[in-house]
Every structure is written in C-alpha cells, then in structure tokens.
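Reader: Hello! I am new to this protein chain and would love a friendly tour of it.

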Amino acid sequence: MDFPMFHLDWLNDRFLIAIIAILHVFINHGLAVGFIPYIVWLERKGVKMASSNQITDTQWDDIVYRKMKIAFIITTSIGAMTGVGIWFSAALISPTSIGSLIRVFYWAWFIEWLVFVTEVVLILIYFLTWKSSNKSLKSKLRHINFGWFLAIFSWITMAIIVAILGFMMDPGNWNTDQNLLNGFTNPIYLPQLLFRTPVAMLVAGIFGMLLTSIMVSRKHQHRESLLRHAGQWVLTMIPFAVLGAIYYWKVMPAAMKANMSTAVGTIEFAQYYDLLRYFIIGACSTALVVGILAVVKASKIKTVYVFVACLGVFGFLGIFERVREFIRKPYIIGGYMYSNLLRVEDYPLYQRDGILKYATYSAIETITEENKLIAGKEVFMNTCSRCHTTQGVNGITQVFERMYGINKPFEANAMKVYIQNMHSARTYMPPFPGNEEELDALVAYIKNLQITGETLEGVQGSGIAISPHNNAKKVAESRMPSNSTQAPSLSQK
Ligand code: HEC
C-alpha cells in the first residue's frame, strides 16, 4: 500500500525469502555459531596433545585448520551474501513490516552491524594468522583466544537477530508500550535463543564429524580420535537441545500450535504431520546413535552414517525455520501487523472506506464496471499476493478449485461469503480488509483468472502506478487547513 508491490508469480514471494533464509541459517548455525567454538575447542586439544618439544600436534592442527578453511570460505561467501540477501528479499517483499522492525530495533540493528563487522574482521584474523601463529606457544595461545572472541561475536550476531525473530512471533507487552526494551524482552526471545544455541552446536558437531570422515583417511592416526571428539561434542549438546525445545514449545501461544499441522506441509499434507514428527524424532535419534557410536567405537563410523545424520539435523533445522515462519500467521508482527502488511488498527478504516482509497500505489481509487478487473487485481495484490500466486505455488485459482471442484466455473456468491469469513475458516489467513465493492472486484478478478489462466506481474515488470489522489501534490493540498477533502477519520463518523 505505502510501497510498490514486488511480486514473483512463478515462485511465490515467501518462497524466495525462505530459500535464502534457510540456506543462511544452515551456514550461520552449522558453520559459524556452532562451528567456530567447536574448531577452537579442537585447536586447543591439539596444543594439549602436543609432545613436550612441540607447540601443537601438527598433524592434528592441520586437519582442524583444513576444516576451518572450508567454514571460512563458505561463511565469508555464501554465508555473508545470504545474510544480506535475507534483508534484501524481505525488504522487497515485505517493506512495511521491515520498516516497522527498523523503527523498533533501530539501535539493535546498528549494534548488529558493528558486531557483524567485528565478526568478519575476527574471522579474517583467525583464519589468516593460523599458520603463522604456530611459531611460538605464546602466539598460538593468543590465536586460540582470538578464536573464542570470534565464537562469542558470532553468537552475539545471532542473539540480536533472534530478538527480532521472537518479536515478530509475539511482541509481548510492546503492543501496549512500544519501546526497544519491550521489543527485546518479548516472551519468545529467551526460549528461542536457548533452543537455537545448542541446536547450532549440535548441527556443527555432526557437520564436523562428516568433514572428518570425508577428509581424513582411515589410516590416519588421528581419525578415530577426531571422530570421538565430535561424538562427545554432539552428545553434550543433545540434552541442551532437547531442554531448549521443550522450553520453546511451552512458551508458544496455543494459536500458533494450532497452525502447526499446516505449517509443516500444506493443507493437503496436514495428515502427514505425524509422519513429520517422526522424522524429527528420527533425525535427533540418528544424531544420538551416531554420536554414541563415535564415542564408543569410532572405527565403525562410516561416512554414510554421518551423512544421514547430517541430512537429518539440517532437515530438522529447515523444518524448524519453515514452521517458525508459518505459525505466526495471520500476523507478520504478532497482534500488530497482518501478513498482508496491513496494520490491525487500520482495519476498521479500510473495511469502511476500502483499501484502495488509502493505497499510494494503485491506479484505481473508485471502482466502476469498466475498471472492475483492474481494481480486482489491485485488491488481490494488496490483500492476497504476499501469500498466494495466481496460478503457481499456493495459486489462488488452485485453492478455490480445491474447495469448489476442478474446472467448475467459480460461483461468485459462494466466494464472497468465503472471503468475508476467510479468517474464521482458516485462522492463519488475515480477515479480508476491503469493503463490499472491493470484494466484488476481487471475486470478478479471480473468476477471470480461472477462465483466462492469466498471471500477475509485480511492479518490477509492470511499472508503478501512483494513485491520482495519493500523490505528493494531492496529499499536500489535502493537508492545507482550508481543505475539506481530508480523509475522514473514524472518530468523525
Ligand atoms: C497470510 C498469508 C495468506 C493471505 C494474506 C491469504 N491467504 Fe489464502 N491461504 C493461505 C494459506 C497458507 C492457505 C493454505 C494453502 C495450503 O495449505 O494448501 C490458504 C488457503 C486459501 C484458500 C483455500 C482454503 C481451504 O480451506 O482450502 C482460499 C480460498 C484462499 N486461501 C483465499 C484467499 C484470498 C481470496 C486471499 C486474499 C483476500 C487470501 N487467501 C489471503 C495464506 C494466505
């Protein structure tokens, strides 16, 4: 409404964010937040294992260095790019909510930036000075200390972002008293942080074990010991991850839990929800079994076992992110802004006057018989397109056909009744924000989509249309004291 609507009809907008975000979380948790402390821990072991005439066990140290090299290359390339990419894609698709988050978390974001830059500098120092620090015990120990610093800073970047993620799920008392501190102390923050931290360590341990089993030959003297260490690390983290998960589950509002079965798949897959639960339990048990095997009998570890466990824990992390994204629906910021980017408190105004009247980027303000389809398209863009495409993933024609039968012409009245009640029918959808005429236009547009198979272009392709009544000149005029065309506020009814 206040921003032009970017839209990817062939992909589904949320999907774009999801692909980038999930890839980023894999790298951030598995190769930075969890991995750095794991590597530093191993580096320190190398020093402890060294014979008296050595600074560190050079063979051991070399393997740990090579693991770090992989993490270094991936985190500073794909990791950093996807990290920035999340904000790029989210700001394109969801500019209003990002705008709100920036207002609340302005200083947090600024600090995040400083912490992130520090993290990048530390990772450069840590990796690039590794070999030269092996010259004396003093510089090796300093190097290890750098590593711990790096570990702390990469954890802090996550700790700040998790505050924002928790906030989006449930802002807590911020909805009544809007300040940064209340944003930070949202009820989901701590549980989610206490869940993510050990899960990141767990994923990193399994991934580290996978690297060992791939990189280090069976004959190598340190292979079994490295596997055993990874196993110890994994087994240490599992209980914390389980406790974190229980705590997290406990604070989750009931409405979110109710969304869970659709969240893991779609409506069609809701019946497989139980299967997915078993997948999660299976993934965690596989990690447990591989961890125990590595500790008890490392010689029996095969790359395939670790690979399966690795797929399992990464799959688990991916599902967790997808579910987290979904279950906060119908809100993008709990209780404050719906996923269609409209604020809850503005709804009564929209439902009375229609949304197009207040949209900056809409070609149409008053609906007539002639412009009905274009108006319907604008209404769809502003109220449905953040979650639905026209014909593709979660396509609007396809969800209506699922309800009313494939290839049967849609019946306008039934659709209207449904849309007016869509929030009660499916609580994860926001209520319809528009007025009667807009509902009419929307239905006409969707019926037309069914017949023509048309798709919908976002502003990146179609160009921008600015409402003739909401452009800068008109708005400035309406602010003049003598002017009476000002948008009526509800209290003046
Ligand atoms: C917050 C995201 C969101 C918004 C906004 C949204 N929907 Fe949905 N809608 C969904 C999801 C998710 C589904 C379930 C899809 C699935 O699992 O297959 C759905 C399903 C539907 C269904 C099928 C329901 C059923 O019971 O099978 C219809 C019809 C529908 N949406 C219409 C609309 C219309 C019309 C709009 C705009 C006025 C809209 N939706 C806005 C997320 C949304």
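Author: Here are some questions about this predicted model, with answers.

Reader: How many helices and strands does the chain have?

Author: Let us begin with the whole chain. Its C-alpha trace spans about 90 × 55 × 40 Å along the principal axes. Of its 493 residues, 41% count as buried. The secondary structure comes to 20 helices and two strands.

Reader: What share of the contacts with a separation of 6 or more is between residues 24 or more positions apart?

Author: The contacts in question are those in the chain with a separation of 6 or more. Within that set, pairs 24 or more positions apart account for 75%.

Reader: Which domains is the chain divided into, and what distance separates their centres?

Author: The division gives domain 1, covering 13–338, and domain 2, covering 352–476. Taken over C-alpha atoms, the separation of the two centres is 39 Å.

Reader: Which helix gives the most to the side of domain 1 that touches domain 2?

Author: The contact between the domains takes twelve residues from domain 1 and eight residues from domain 2. On the domain 1 side, helix H1 (13–33) and helix H10 (254–264) each supply at least two residues. With four residues, the helix that gives the most is H10.

Reader: How do the residues on that side of domain 1 divide into nonpolar, polar and charged?

Author: This is again the side of domain 1 that touches domain 2. Its residues comprise six nonpolar, three polar and three charged.

Reader: Where is the kink in H3 centred?

Author: Helix H3 runs over residues 58–93 and has 36 residues. From its first C-alpha to its last it reaches 50 Å, close to the 52 Å expected at 1.5 Å a residue. The helix nevertheless has a kink of about 40 degrees, and its centre is Thr75.

Reader: Which residues touch the most other members of the largest nonpolar core?

Author: In soluble globular proteins, nonpolar side chains tend to be buried together. The largest nonpolar core here has 114 residues. It draws at least three residues from each of domain 1 and domain 2. The residues that touch the most other members are Phe35, Leu202, Val203, Ile206, Ala287, Val313 and Leu442.

Reader: Which residues does Val203 touch?

Author: Val203 is among the core residues that touch the most other members. Leaving out residues up to four places away in sequence, Val203 touches His29, Gly30, Gly34, Val313, Phe314 and Leu317.

Reader: Is Cys310 buried or exposed?

Author: Cys310 is found in helix H12 (residues 303–327). Not counting residues up to four places away in sequence, Cys310 touches Ile206, Phe207 and Leu210. Met209 is 101 residues from Cys310 in sequence, yet their C-alpha atoms are 9.0 Å apart. Because Cys310 has 24 C-beta neighbours inside 10 Å, it counts as buried.

Reader: Which residue is joined to Pro330 by a cis peptide bond?

Author: Pro330 has its place in the loop between H12 and strand E1 (331–333). The cis peptide bond has an omega of about 10 degrees, and the residue it joins to Pro330 is Lys329.

Reader: Is Asn12 buried or exposed?

Author: Asn12 lies in the segment before H1. Its phi is near 90 degrees, a positive value in a residue other than glycine. Since 20 other C-beta atoms lie within 10 Å, Asn12 is buried.

Reader: Where is Asn394 found?

Author: Asn394 also has a positive phi in a residue other than glycine, near 55 degrees. With 15 C-beta neighbours inside 10 Å, Asn394 counts as partly exposed. Its place is the loop between helix H14 (372–383) and helix H15 (396–404).

Reader: Is Ser132 buried or exposed?

Author: Ser132 is found in the loop between helix H5 (106–128) and helix H6 (137–169). Its C-alpha atom is 18 Å from that of Lys45, 87 residues away along the chain. Because Ser132 has 10 C-beta neighbours inside 10 Å, it counts as exposed.

Reader: Which residues does Pro4 touch?

Author: Pro4 lies in the segment before H1. With 19 C-beta neighbours inside 10 Å, Pro4 counts as partly exposed, because a buried residue needs 20 or more. Not counting residues up to four places away in sequence, Pro4 touches Tyr361, Val459 and Ile464.

Technical notes:
Residues numbered from 1 in each chain as written. Predicted model: local features only at pLDDT ≥ 70, side-chain atom pairs only at ≥ 80, totals over all residues. Domains from an automatic or database assignment. Contact = placed C-beta atoms within 7 Å. Nonpolar A, V, L, I, M, F, W, Y, C, P; charged D, E, K, R; others polar. Buried ≥ 20, exposed ≤ 12 C-beta atoms within 10 Å, placed from the backbone. Expected span 1.5 Å × (residues − 1). Bend = angle between axes of the 7 residues up to and from the residue. Core = buried A, V, L, I, M, F, W, Y, C linked by C-beta atoms within 7 Å.
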